[in-house]
Amino acid sequence: MIIETSRLVMHAADKQALQVMKIHQYNNGQEVTNHIKELAVDASLLGWGSWLVFRKFDEALIGDAGFKGKPNSRKEVEVGYGFLEAYWGMGYATEAVGGLIDWAFQTSTVEKVIAETDYDNAASIRVLEKNQMKKTHEAAGMVYWELTER
């Protein structure tokens, strides 16, 4: 599975992603590895977990983004993202999240995308705002967001 935006190409993480990450010397936490382990047990999670994010012009692996599992019974899916610090502040996270949101809404199983971020994470808050997500509430230092179908 591939999502393409103007500057990015995103590949749904599968077992080959581990080799790709090794080649690119990519280490940005355990989310991708954990997703691949879950995918080995439930193949229907493909697309509903991590996606590797590559910059088009040089094919650099700059981050990972994706969903925290398949849509729930309320047809909601939660989006998350993490980018290598060298690529912060360039709009890549905003673009990747936008691509994921568009992809999710094109399926027949999603009616709402949700997210959460730390109250003091201004950059992450801006990513969600730029993707038209609306703040629903704050609790315990976290801000919660949602977007219904565009």
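The legends below describe close-up views of a predicted model.

**View 1. The sheet and the order of its strands.** Eight strands make up an open sheet with mixed pairing, in the order S1-S2-S3-S4-S5-S6-S8-S7. Strand S1 (2-4) and strand S7 (134-139) are the edge strands, and each of them pairs on one side only. From one strand to the next, the twist averages 25 degrees. Strands of a sheet pair through backbone hydrogen bonds, in either a parallel or an antiparallel manner. Both senses appear in the views that follow: S2 and S3 are antiparallel, whereas S5 and S6 are parallel.

**View 2. Strand S3 and its burial.** Strand S3 covers residues 50-55, and 6 of its 6 residues are buried, so the strand is largely enclosed by the rest of the structure. Its side chains point two ways: Ser-50, Leu-52 and Phe-54 point one way, while Trp-51, Val-53 and Arg-55 point the other way. Residues of both sets are buried, Arg-55 and Ser-50 included.

**View 3. The neighbours of S3 in the sheet.** Strand S2 (residues 8-12) pairs with S3 in the antiparallel sense, over 5 bridges. Within this pairing, Met-10 has Val-53 of S3 as its bridge partner. Strand S4 (residues 61-67) also runs antiparallel to S3, and 5 bridges join the two. Here Trp-51 has Ala-65 of S4 as its bridge partner. S3 and S4 form a hairpin with 5 residues between them. In the turn of this hairpin, Glu-59 has a positive phi of about 60 degrees.

**View 4. The parallel pair S5 and S6, with two helices on the sheet.** Strand S5 (residues 76-83) and strand S6 (residues 112-118) pair in the parallel sense over 3 bridges. Glu-76 has Lys-112 of S6 as its bridge partner. Helix H2 (residues 31-41) packs on the sheet and touches S3 and S4. The direction of H2 makes about 135 degrees with that of S3. Helix H4 (residues 122-130) lies across S5, S6 and strand S8 (142-148). H4 runs at about 160 degrees to S6.

**View 5. Asp-64, a buried charged residue.** Asp-64 lies in strand S4. Where is the nearest side chain of opposite charge to Asp-64? That side chain belongs to Lys-68 and is 10 Å away. Asp-64 is buried and has no salt bridge. A salt bridge requires a side-chain nitrogen of Lys or Arg within 4 Å of a carboxyl oxygen, so a distance of 10 Å does not qualify. The side chain of Asp-64 does make a polar contact of 3.4 Å with the side chain of Asn-28. Residues touched by Asp-64, not counting those up to four places away in sequence, include Tyr-26, Glu-31 and Val-32. Trp-51, Leu-52 and Val-53 are also among them, and these three belong to the buried residues of S3. Tyr-81, Gly-82 and Phe-83 are touched as well.

**View 6. Gly-29 and its distance from Asp-64.** Gly-29 is found in the loop between helix H1 (17-23) and H2. Gly-29 counts as partly exposed, because its relative accessibility is 36%. Along the chain, Gly-29 and Asp-64 are 35 residues apart, and their C-alpha atoms are separated by 9.6 Å.

**View 7. Two salt bridges between loops.** Side chains of opposite charge can pair when their charged atoms come close. The whole structure holds 11 salt bridges. One of them joins Asp-42 and Lys-70, whose closest N and O atoms are 3.2 Å apart. Asp-42 is in the loop between H2 and S3 and Lys-70 in the loop between S4 and S5, so this pair links parts 28 residues apart. Asp-42 is partly exposed, at 27% relative accessible area, and Lys-70 is partly exposed at 38%. Another salt bridge joins Glu-111 and Lys-75, with the closest N and O atoms 3.6 Å apart. Glu-111 lies in the loop between helix H3 (92-106) and S6, and Lys-75 in the loop between S4 and S5, so the pair ties together parts that are 36 residues apart in sequence. Glu-111 counts as partly exposed at 42% relative accessibility, and Lys-75 does too at 32%.

**View 8. A salt-bridge network at S6 and S8.** Glu-146 forms a salt bridge with Lys-112, the closest N and O atoms being 3.3 Å apart. Because Glu-146 lies in strand S8 and Lys-112 in strand S6, the pair ties together parts 34 residues apart in sequence. Glu-146 is partly exposed, with a relative accessible area of 27%. Salt bridges link Arg-74, Glu-76, Lys-112 and Glu-146 in a network.

Note on methods: Residues are numbered from 1 along each chain as its sequence is written. This is a predicted model: local features need pLDDT of at least 70, side-chain atom pairs count only at pLDDT 80 or more; totals for chains, interfaces and linings use all residues. Side-chain values use heavy atoms; hydrogens and water are left out. Buried means under 20% relative accessible area, exposed over 50%, partly exposed in between (1.4 Å probe, protein chains only). Helices (H or I, at least four residues) and strands (E, at least two) are DSSP runs, numbered from the N terminus. Two strands pair if DSSP finds at least two bridges between them. Axes are lines fitted to C-alpha atoms, for helices over the stretch in contact, and angles run from 0 to 180 degrees between N-to-C directions. Contact means heavy atoms within 4.5 Å. Lys and Arg count as positive and Asp and Glu as negative; His and the chain ends are not counted. A polar contact is a pair of N or O atoms within 3.5 Å; within protein, one must be able to donate a hydrogen and the other to accept it, and residues adjacent in sequence count only if both atoms are side-chain atoms.
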